[in-house]
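Got the viewer open? Let's take a walk through the model, one selection at a time.

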Amino acid sequence: MRRSMLFIPSNNPNMIVNGGVLGADSLIFDLEDAVSPDEKDAARDLLQHALEAVDFGKCEIIVRINGLDTPYWEEDLRAILPMKPDAVMPPKVCDAAYIQTLDEKLTELETEFSLEQGRTKIIALLETAVGVENAYAVAAASPRMAALFLGAEDLTADLRCQRTKEGGEIQYARGRVVCGARAAGIEAYDTPFTDVQDLEGLERDASYAKSLGFTGKACISPAHVSTVNRIFSPSQADIAYAKDVFAAIAEAKRQGKGAIALRGKMIDAPIVQRARLVLEAASEIEGVDYLA
Amino acid sequence: MRKLCDTLRTAMEKAGLQNGMTISFHHHLRNGDYVLNMVLETAAQMGLRDLTVNASSVFDCHAPLVDHIQNGVVTGLEANYISSAVGRAVSEGVLAKPVIFRSHGTRPSDILSGRSHIDVAFVAAPTSDPMGNCSGKYGPSACGSLGYAFADAQRADKVIVVTDNLVDYPLTDASITEDFVDFVVKVDAIGDPRGIVSGTTRMPKDPIALKIADYAAQAIDASGLLRDGFSFQTGAGGASLAVADYVKRMMLERKIQGSFALGGITGYMVDMLEAGCFKAIQDVQCFDLRAVQSIRENPNHMEITAAQYASPTAKSTAASNLDVVVLGATQIDTDFNVNVHTDSNGYIIGGSGGHTDVAEEAKLTVIVAPLSRARMSIVVDKVLTVSTPGKSVDLLVTQYGIAVNPARPELAEALKAARLPVKDIQELRQMAVAINGPAVPRLQLTDRVVGQVLGRDSRVQDVIYAVK
Amino acid sequence: MEIKHGAMAGTLESSDIMVTILPNPDGIQIDLTSSVEQYYGDSIRATMHRTLEALGVSSARIEAVDHGALDCTIQARLTTAVRRASREEVAK
């Protein structure tokens, strides 16, 4: 379950220690933009020790490493991999080769540290024009790929356009990222909404991202987490419909019918699959098993 | 008759100020106040000794008070709140007699009943006329409400108004009126406006404070008290202020028409008044410029006296009509007793203010605090000082969950029904220990009492010991 | 590791510790100023000794100003300071 991914600066002890209680499904510990070049070593040491000592509850742990074009990324991985993060997030991913280079390094280090091969997933941050264009190739580049994540701030700089709250300028990129991710069978995450105070704007932006097919959204402020979680959770109507789908299937089985109709519409495989995803998500959020 | 004196010294002489007397001050000028220091400086020049200072609060700007204690001008101190500069000296034993701590409600109660006698009250007044009709709403040192000064003016043997903005008689919108005032003194400045009120009170950005506020607001909602006629008090500090923001959103979204907001008032509460969340503000103390402007201009923003705010012996008070109050804590123990007087090293860093009063009176008392601050657990086995007894406290809201006073089982059920993270307070205590590591306290206090904390019954509720 | 020159790590923020490490002719010397000295002073010094031992540092002078850092933060800041101090070039 990954609806909200909250960025936490990795050189701030107070923020790191409290990360687990901010309500986010995933925490992105940032070694990249949130850390100045002369503090990279300190942030790495701090994050390593904190990941070892602090209980983050049910939060998924993601580490945004420094880019493969910097001198830091290999040391980042060496420091944090033994702490078994769920995923690493490389920035400014441009193509499949980038992911393959990272994949090889992860495999090498997993071997060195006697970790389970392939346990470390990758969430690729697409924030350049070329990266967005290569969305599907990136998504399909490695079995480690868990998700694509659109970063609109750097992207709009690359596109030479203004970043707006309405987001018309990233319409194409959003569609392409969702499409590329889904084509490869992985998840898609939307760019954070950057006006911390504007909760109405966040609501609109997140709802729109959900309507495009995104799985969830990153947050730069803990104040955005509950709104994002709510929007990316299945609605009560979704849950009720999904329950009806499974009830209809059970009823058809009992009667020995092949074709199943619900509310005048045939239930086909995609409907069942969607209903299953809804109930899985609802079960996890509400702590009850709707599929039992 | 002529009340206007040329100098403060003349007024003090005419008032008959003698060795061993008790003089009083209000704290509406907060950390910008010049008047307390000015009076003590003059008293020292007059050769006076053995005075008792009874101030509603003492701030860091009053650090010169320590010198006057050391040279014997002041030998007694009574206050509802003493911040760290003077608090540290008191904790280190500068005074032979223990400081007497009251609450904002108990102080006027004791003054009006005669239990606490004041010989000469000094009323710092941002505007006054020559007869002593005075107000906090106008003038270069405007502070808004003068709520804490009323009891002093009513019962002190002599009342001296000290102003830096003398206007023609009569001042039409006076708070304290001439019938109580003996003398008036004009000085250059009664305070530094930068210390009196802050420009704006800002919403906190600290994510922990916001998380706590979010839980607190949901808990208030779950209590069932957030409905038409709702009344509310919250502090100006971090999480407390953020609670107001969440409560405001809920009130506007659900079109809830509240009754009144109470207490120390910030621009944030003014926004809520103007947005229609409340019909009125009952204001005993303004915290920022927007609150001062509002109390001057908006007839629904009322000035109230400290007795009217929270006196335990008044026939009724705004506090006794209060639904919900959100308060802070420096420590809270597993019996829900709250300490706001001393820090973890035993030094005096504050006091009850209105904490003890509104906690006892409100239908729902919510303490908001992080589980720990810089490795010091807020939830402890036993508080160093009992400022507010645990029986007055209903909820402790931390970022790790909400503890409900076992005396309120129905409240615990309501919170659980709202799917809030209800935890036993012992469990929160254990979580704090798990995070911070087990402490090996070496803190040793002496057996010398430097402070007596009076409860709302005016009896000694707890004592504060000198540090080593 | 050998302490070749002075180095620092950490900040004076709440929940952090600022560690300055300097070469010392003989043994470990720790000067600690902590807001939680009365509760965790001995624990902090013990953590520092353990961390230095694990890093193979046998001689160093440590000046630390602590504002309530947790053990993991103390270990991390001291580790960073040691690594910076043992690099060949003088840290900027």
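Before selecting anything, here is the rule for touching: two residues are in contact if their C-beta atoms, placed from the backbone, lie within 7 Å. Helices (H or I, at least four residues) and strands (E, at least two) are DSSP runs, numbered from the N terminus. What you have on screen is a predicted model, where local features need pLDDT of at least 70 and side-chain atom pairs count only at pLDDT 80 or more, while totals for chains, interfaces and linings use all residues. Residues are numbered from 1 along each chain as its sequence is written, and chains are lettered from A and ligands numbered from 1 in the order in which they are written.

**Stop 1: two helices in chain A**

Select helix 2 (40-53) of chain A and helix 3 (residues 73-80) of chain A. Their axes are 9 Å apart, and the packing angle is about 20°. Axes here are lines fitted to C-alpha atoms, for helices over the stretch in contact, and angles run from 0 to 180 degrees between N-to-C directions. That angle makes helix 2 of chain A roughly parallel to helix 3 of chain A; angles under 35 degrees count as roughly parallel, over 145 as roughly antiparallel, 65 to 115 as roughly perpendicular and the rest as oblique.

Now show the side chains. From helix 2 of chain A come A:Arg44, A:Leu47, A:Gln48 and A:Leu51, and they meet A:Glu75, A:Asp76, A:Ala79 and A:Ile80 of helix 3 of chain A. Sorted by class, this contact has four nonpolar, one polar and three charged residues. (Ala, Val, Leu, Ile, Met, Phe, Trp, Tyr, Cys and Pro count as nonpolar, Asp, Glu, Lys and Arg as charged, and the others, Gly among them, as polar.)

**Stop 2: across to chain C**

Keep helix 2 of chain A selected and add helix 2 (residues 71-86) of chain C. The two axes come within 8 Å and cross at roughly 150°. That makes helix 2 of chain A roughly antiparallel to helix 2 of chain C. The crossing of these two helices is right-handed, a term for the near helix being turned clockwise from the far one by less than a right angle; anticlockwise would be left-handed.

Among the residues of helix 2 of chain A that meet helix 2 of chain C are A:Asp41, A:Leu46 and A:His49. On the chain C helix, the partners include C:Cys72, C:Gln75 and C:Arg83. This helix contact divides into six nonpolar, five polar and five charged residues.

Which helix of chain A gives the most to the side that touches chain C? Helix 2 of chain A does, with eight residues.

**Stop 3: a helix pair in chain B**

Jump to helix 9 (residues 238-253) and helix 10 (residues 267-274) of chain B, which pack at an angle of about 15° with their axes 10 Å apart. Helix 9 and helix 10 of chain B are therefore roughly parallel to each other. Helix 9 of chain B passes helix 10 of chain B in a left-handed crossing. Pick out B:Leu241, B:Ala244 and B:Lys248 in helix 9 of chain B; they meet B:Tyr268, B:Met269 and B:Met272 in helix 10 of chain B. By class, that contact has five nonpolar, no polar and one charged.

**Stop 4: two loop residues in chain B**

Select B:Arg115, in the loop between helix 5 (106-113) and strand 6 (120-125) of chain B. Is B:Arg115 buried or exposed? B:Arg115 is exposed, with 11 other C-beta atoms within 10 Å. (A residue is buried if 20 or more other C-beta atoms lie within 10 Å of its own, exposed if 12 or fewer, and partly exposed in between; C-beta atoms are placed from the backbone.) Leaving aside neighbours within four places in sequence, B:Arg115 is in contact with B:Asp110 and B:Ser458.

Next, B:Asn321 sits in the loop between helix 12 (306-310) and strand 15 (324-327) of chain B. B:Asn321 is partly exposed, with 15 other C-beta atoms within 10 Å. Draw a C-alpha to C-alpha line from B:Asn321 to B:Tyr309: they are 9.9 Å apart in space and 12 residues apart in sequence.

**Stop 5: the core**

Finish inside. A nonpolar core is a set of buried Ala, Val, Leu, Ile, Met, Phe, Trp, Tyr and Cys residues joined through C-beta atoms within 7 Å. In the largest one, of 273 residues, A:Leu148, B:Val123, B:Ala216, B:Val366 and B:Ile367 touch the most other members. Helix 8 (residues 207-222) of chain B provides the largest share of this core, 11 residues.
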